[in-house]
Amino acid sequence: MDLVYAVARTGGKQYKFETGRCVDVELLQAKSGDILELCDVLAIREKDGGLLVGSPVIPGARIIVRVVGDVAGEKLVFFRYKRRKRCRRRLGHRQKYSRIEVLEILRGVD
């Protein structure tokens, strides 16, 4: 059976992974080119339309990914002020992400 996509948890968030696609996830402590396994697979959609759902994870299922590199997200700018008090503050933030490429989705349960 061919697997269409999988839903997995990494960095406290859930992402949809498809083979051959790149996904931006929360920053991982890995170098560019490293091969990693994501083991918290929550659901797998198969090509024949079947859906395999774990409770909470599917035992033995994993996703093999390669770290492409680190990227920076959109810049957010916040401006706080208090009227008539001459109090102004400009804040900014730019979140860093790891871009990973999905190499293979392994089902694990038969």
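## Serine 98, core, salt bridges and sheet

The side chain of serine 98 lies 2.9 Å from the backbone nitrogen of leucine 28. This distance, like every other value below, comes from a predicted model. Serine 98 sits in strand 8 and has a relative accessibility of 0%. Because the cut-off for buried is under 20%, serine 98 counts as buried.

Leaving aside neighbours within four places in sequence, the contacts of serine 98 are Val23, Asp24, Val25, Glu26, Leu27, Leu28, Gly69 and Asp70. Leucine 28 is thus on the contact list and also supplies the backbone nitrogen reached by the serine side chain. One of the other contacts, Val25, leads to the nonpolar core.

### Nonpolar core

The largest nonpolar core holds 20 residues. Phe17, Val25, Val41, Ile44, Ile63 and Ile100 are the members with the most contacts inside it. At least two residues of this core come from each of strand 1 (3–10), strand 2 (13–17), strand 3 (22–26), strand 5 (41–46), strand 7 (62–82) and strand 8 (87–106). As a general tendency, nonpolar side chains in soluble globular proteins are buried together.

Which residues does valine 25 touch, leaving aside its neighbours within four places in sequence? They are Thr10, Tyr15, Phe17, Tyr97, Ser98 and Ile100. Phe17 and Ile100 are also named among the core members with the most contacts, and Ser98 is the buried serine described above.

### Salt bridges

The model contains seven salt bridges. Three of them, with the closest N to O distance for each, are given here.

| Arginine | Glutamate | N to O distance |
|---|---|---|
| Arginine 62 | Glutamate 37 | 3.4 Å |
| Arginine 107 | Glutamate 46 | 3.2 Å |
| Arginine 66 | Glutamate 101 | 2.2 Å |

Arginine 62 forms its salt bridge with glutamate 37. The two belong to distant parts of the chain: arginine 62 is in strand 7 and glutamate 37 is in strand 4 (residues 35–38), with their positions 25 residues apart. Arginine 62 has a relative accessible area of 30% and is partly exposed. Glutamate 37 is partly exposed too, at 45%.

Arginine 107 forms a salt bridge with glutamate 46. This pair also links distant parts of the chain, with arginine 107 in the segment after strand 8 and glutamate 46 in strand 5, 61 residues apart. Is each partner buried or partly exposed? Arginine 107 is partly exposed, with a relative accessible area of 26%. Glutamate 46 is buried, with a relative accessible area of 7%.

Arginine 66 and glutamate 101 meet through their side chains in a salt bridge. Arginine 66 is in strand 7 and glutamate 101 in strand 8, so this pair ties together parts that are 35 residues apart in sequence. Arginine 66 is partly exposed, at 33% relative accessibility.

### Sheet

Strands of a sheet pair through backbone hydrogen bonds, either parallel or antiparallel. In this model, four strands form an open sheet with antiparallel pairing, in the order 2-1-5-6. Strand 2 and strand 6 (51–53) are the edge strands, each pairing on one side only. From one strand to the next, the twist averages 15 degrees.

Strand 5 and strand 6 pair in the antiparallel sense over three bridges. Within strand 6, leucine 51 is the bridge partner of arginine 45. Strand 5 also carries glutamate 46, which takes part in the salt bridge with arginine 107, and it supplies at least two residues of the largest core.

### Backbone exceptions

Most residues other than glycine have a negative phi, and most peptide bonds are trans. Where does the model depart from this? The peptide bond joining serine 55 and proline 56 is cis, with omega about -5 degrees. Proline 56 lies in the loop between strand 6 and strand 7.

Arginine 84 is not a glycine, yet its phi is positive at about 60 degrees. Arginine 84 is in the loop between strand 7 and strand 8 and is exposed, with a relative accessible area of 71%. Arginine 86, also a residue other than glycine, has a positive phi near 60 degrees. Arginine 86 lies in the loop between strand 7 and strand 8, and its relative accessible area of 80% makes it exposed.

Note on methods. Residues are numbered from 1 along each chain as its sequence is written. This is a predicted model: local features need pLDDT of at least 70, side-chain atom pairs count only at pLDDT 80 or more; totals for chains, interfaces and linings use all residues. Side-chain values use heavy atoms; hydrogens and water are left out. A nonpolar core is a set of buried Ala, Val, Leu, Ile, Met, Phe, Trp, Tyr and Cys residues joined through side-chain atoms within 4.5 Å. Buried means under 20% relative accessible area, exposed over 50%, partly exposed in between (1.4 Å probe, protein chains only). Contact means heavy atoms within 4.5 Å. A polar contact is a pair of N or O atoms within 3.5 Å; within protein, one must be able to donate a hydrogen and the other to accept it, and residues adjacent in sequence count only if both atoms are side-chain atoms. A salt bridge is a side-chain nitrogen of Lys or Arg within 4 Å of a carboxyl oxygen of Asp or Glu. Two strands pair if DSSP finds at least two bridges between them. Axes are lines fitted to C-alpha atoms, for helices over the stretch in contact, and angles run from 0 to 180 degrees between N-to-C directions.
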